[in-house]
Amino acid sequence: MKLGIVGLPNVGKSTLFNAITQAGAESANYPFCTIEPNVGVVAVPDKRLDVLEKMYNSRKKVHASIEFYDIAGLVKGASQGEGLGNKFLSHIREVAAIVHVVRAFDDENIVHVDGSVDPVRDIETINLELIFSDIEVLDRRIEKTVKLARSGDKKAKAEFELQERIKVHLEAGKPVRTLEVTEDEAEIIKGYFLLTSKPVLYVANISEEDLMNGSMENEYVKKIKEYATQENSEVVVISAKIEEELSSLDEEEKRELLADYGLEETGLDKLIHSSYKLLGLMSFLTAGEQEVRAWTINIGTKAPAAAGKIHSDIERGFIRAEIISYDKLVECGSEAAAKEKGYYRLEGKDYVMQDGDVVNFRFNV
Ligand code: GDP
């Protein structure tokens, strides 16, 4: 479940990526590893773990994590092989979602590849390259489908119609994620691995000055938000430079600096939370003396599959799940008190897990 960071050159991708990898390295609770120089693993901040750690006197705390992939080198003409071209497009193919960094700061010393700061033009430049690449991929599919349809394949005929609809949409300069489709069609489209069908989060990179002055909504940001809204995407506003600085500090220093800026949460934390949501992920929790831990599952996962995240034996021998919601547990102050009040629920194999469920699985193998 990787996210790919894309954007034009000089918009702040590497700066943001440094912040991410440093934050990973600083987080003692996540066994940080650099898989490749351009992949960063980062803990998903979760204050609930701190509370449970105290409540249970746990010896260990383990956060959920996500991976960011720095996909540098995307430029105008990439789909025609400009820059390192297609190589980068193939990297985007591997990620589940896209973090698109857009420059929203003025700085005469930092050259813009297209001569001026214009976030919407920048977004469209990148999106067009992805669209071109999708058209190419789709054309090859259409060729195959036509052959099948000619040989009398009924399913191919229906699929051809869908493919033509996608093509018209792409040729109008629109990403596949904004095409209105049925659930079945969406499932088929997934199998095409089109770049513009991936969910996107836009990151508006503003200057330190704007952040300090509380101008999080500068003119550039407004334009980015307008653009994102019409395709139902989210925007996270950060200053990559400041994030890089913040990520090298310890918790105490970080809190002080944030307070100076009048902020409650780092931009990186905001980005990580939004990314988690973008991927359709949520966390359930386990707590005990040995460890407190957040486990990542897809929204809508049922109890046995969630158990399988911990160990395949627990899924195989699943009997039921003993569950209390985090809020109720905190309200009662302890597991014993919550049990006394009857807040623990026994849930069966059809139970759909909720974010913040504190779980104890019963199993038998
Ligand atoms: P990339 O090519 O997208 O990876 O961009 P970089 O991260 O290398 O950033 C390009 C230049 O912009 C570097 O000199 C950064 O220091 C600078 N930069 C990045 N983010 C900010 C920011 O928030 N404010 C300012 N003033 N400069 C930034």
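## Exercises: helix 10 and the ligand shell

Helix 10 (residues 251–261; helices are DSSP runs of H or I with at least four residues, numbered from the N terminus) has the buried residues Lys254, Leu257, Leu258 and Tyr261. Buried means under 20% relative accessible area and exposed over 50% (1.4 Å probe, protein chains only).

This is a predicted model, in which local features need pLDDT of at least 70 and side-chain atom pairs pLDDT 80 or more, while totals for chains, interfaces and linings use all residues. Residues are numbered from 1 along each chain as its sequence is written, and side-chain values use heavy atoms, leaving out hydrogens and water.

**Exercise 1.** Work out how the buried residues of helix 10 are arranged around its axis.

*Solution.*
1. Look down the axis: the buried residues fall within an arc of 100° (directions from the axis to the C-beta atoms), so they line one face of helix 10.
2. Recall that an α-helix has 3.6 residues a turn, so residues three or four places apart point the same way.
3. Turn to the face away from the buried side, where Arg255, Ala259 and Asp260 are exposed.
4. Find the partners: the buried residues pack against helix 7 (208–212) and helix 9, with contact meaning heavy atoms within 4.5 Å.

**Exercise 2.** Find polar side-chain atoms that lie close to ligand atoms, within 3.5 Å for N or O pairs.

*Solution.*
1. Start with Ser14, whose side-chain N or O atom is 2.5 Å from a ligand oxygen.
2. Add Asp107, with a polar side-chain atom 3.3 Å from a ligand nitrogen.

Key:
A polar contact is a pair of N or O atoms within 3.5 Å; within protein, one must be able to donate a hydrogen and the other to accept it, and residues adjacent in sequence count only if both atoms are side-chain atoms. Helices (H or I, at least four residues) and strands (E, at least two) are DSSP runs, numbered from the N terminus.
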